[in-house]
Structures are given as structure tokens and as C-alpha cells.
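Student: Hello! Could you choose one part of this model, take a close look at it, and show me how it fits in with the rest? I'd enjoy one connected account.

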Amino acid sequence: MPHTHQDPKITAKNVAWVDRSSYLAHTIRILEYSVSKVRRKPFVIIVRKNLGNSKTRADFNDRKNYCDIFLADTVEYMDNKKFRLVLAHELGHLFYNFDNLNKTGFSFDSEDAPLEEELYAWIFAYWLIFEKSEMFKSRGGDKDSIFEGDELKQALLTLIRESGVVDADYICKHVANQ
Ligand SMILES: [Zn+2]
């Protein structure tokens, strides 16, 4: 972010191009709004990058009115398809825990998620990026975010195997049937 308000053209230029920490911004806005209503106080999702993280993970606890999504350094080298799936996966953890987000003392860390939650988050990621792709197709939008279902599924299966998650075979089997 620029610290100047002196040149509107430069300021506009600096904020116009979408950085990876701003991907899926519309979905994030919907989620922030929905959680704010449940918690009856403002809630935001902060996507952070370049922090030396070895794993991408989402972290929430009831004491803070925000959820951190820490991006692993490796996301910088991912193609668009994989990166969108990885970020969507973390949002999937939030949707899975949605009904608990207004409970006193509730917390979660996506790294410690049970298998059922992990499976939910991967299936959600597939369908979210699939739907966004369909939306871009119908509107003639962002070509870099349009994928066929099969290539999306292949990318997802590769990501699950690379993630080192326990029960990757079990998750892949269910995802493949989507
Ligand atoms: Zn996960």
C-alpha cells in the first residue's frame, strides 16, 4: 500500500492490480458479512503472505474479531489454479466451523482439523473454484481463472497428495467422485 495521497494516478495504479493476498475477495466479503451477523460485531479475514510460513493455514479464536489466513511462501510459485484452490480450501475451514464462530471461547486452527473437516474444505474448494470459473465463463471475465472441471480436479488431487495430510487417499477418493 502506498503512503502517499499526493499523486492520485500513482495511488490508483498501486491499488488497481490484484495481489494474491486479495484473491477471492468477493467470497471473503460474503463470509465476513455473514460471520459479522452471527457474532454481532465486525469480523474480517486477513490474508497474510511473505512471512516465512512453511504451511498455509487458517487460525481463529473467539478473543479476536478476525481470522488469519497465513499463506505459505510456496504459494508464490503456484499456478493460478492451484493457488485459488489452496485459498478456497482455507475458506472451506471457516464455512465448516461457521455455526460455532459465535460461541464463547471457540477456536480452530486448520492445521489440526479432523478428517471430516479436512474433507469438507477440499470439496468446498473444488466447487467454489468451479463455480467461480463458470461465472467468469458466462460473463467473459478473467481468462486466467477459467478451468475445465477435469483439470481442476487433477490439480486438486495433486494438491491433496502434496499437502502431506493424513488420509490423503481417503480424501482423494471422495473428491474424485464429486
Ligand atoms: Zn485443511
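Tutor: Gladly! Of the contacts in the chain with a separation of 6 or more, 54% join residues that are 24 or more positions apart. Please keep in mind that this is a predicted model. The part I'd like to look at is helix α3, which covers residues 80-96, but let me place it in the chain first.

The chain holds 6 helices and 4 strands. Read from the N terminus, they come in the order α-α-β-β-β-α-β-α-α-α. Along the principal axes, the C-alpha atoms occupy a box of roughly 55 × 40 × 35 Å. A compact globule of 178 residues would have a radius of gyration near 16 Å, and the 17 Å of the chain agrees with that. Over the whole chain, 26% of the 178 residues count as buried.

Now to α3 itself. At 1.5 Å a residue, its 17 residues should span 24 Å; the end C-alpha atoms are 24 Å apart, so the helix agrees with the expected value. It is mostly covered, with 14 of the 17 residues buried.

What lies around it? The largest nonpolar core has 32 residues, and those with the most contacts inside it are I69, L85, A88, W122, A125, I129 and L156. At least two residues of this core come from each of β1, β2 (57-61), β3 (66-70), α3, α4 (115-139) and α5 (149-162). The most is given by α3, with 8 residues. L85 shows what such a position looks like: setting aside residues up to four places away in sequence, L85 touches A125, I129, A155, L156 and L159.

Let's turn to N80, which is also found in α3. Is N80 buried, exposed or partly exposed? There are 16 other C-beta atoms within 10 Å of N80, while a buried residue needs 20 or more and an exposed one has 12 or fewer, so N80 is partly exposed. Beyond its neighbours within four places in sequence, N80 is in contact with D144 and S145. N80 and S145 are 65 residues apart along the chain, yet their C-alpha atoms are separated by 7.0 Å.

We can follow α4, one of the suppliers of the core, a step further. It packs against helix α6 (residues 168-176) at an angle of about 35°, and the two axes are 10 Å apart. The crossing of α4 and α6 is right-handed. On the α4 side the contact is made by E118, L119, W122, I123 and Y126, and on the α6 side by I171, H174 and V175. W122 in this contact is also among the residues with the most contacts inside the core.

Finally, two backbone details from elsewhere in the chain make a nice pair. Most residues other than glycine have a negative phi. L24 is not a glycine, yet its phi is positive, about 55°, and R40, another residue other than glycine, has a positive phi near 55°. L24 lies in the loop between α1 (8-16) and α2 (25-39), whereas R40 sits in the loop between α2 and β1 (44-48). Their surroundings can be told apart by counting: L24 is buried because 21 other C-beta atoms lie within 10 Å, while R40 is exposed because 8 do.

How values were computed:
Residues are numbered from 1 along each chain as its sequence is written. This is a predicted model: local features need pLDDT of at least 70, side-chain atom pairs count only at pLDDT 80 or more; totals for chains, interfaces and linings use all residues. The expected span of a helix is 1.5 Å times one less than its number of residues. The radius of gyration is taken over C-alpha atoms; the globule rule is 2.2 Å times the number of residues to the power 0.38. Two residues are in contact if their C-beta atoms, placed from the backbone, lie within 7 Å. A nonpolar core is a set of buried Ala, Val, Leu, Ile, Met, Phe, Trp, Tyr and Cys residues joined through C-beta atoms within 7 Å. Axes are lines fitted to C-alpha atoms, for helices over the stretch in contact, and angles run from 0 to 180 degrees between N-to-C directions. A crossing is left-handed if the near helix is turned anticlockwise from the far one by less than a right angle, and right-handed if clockwise.
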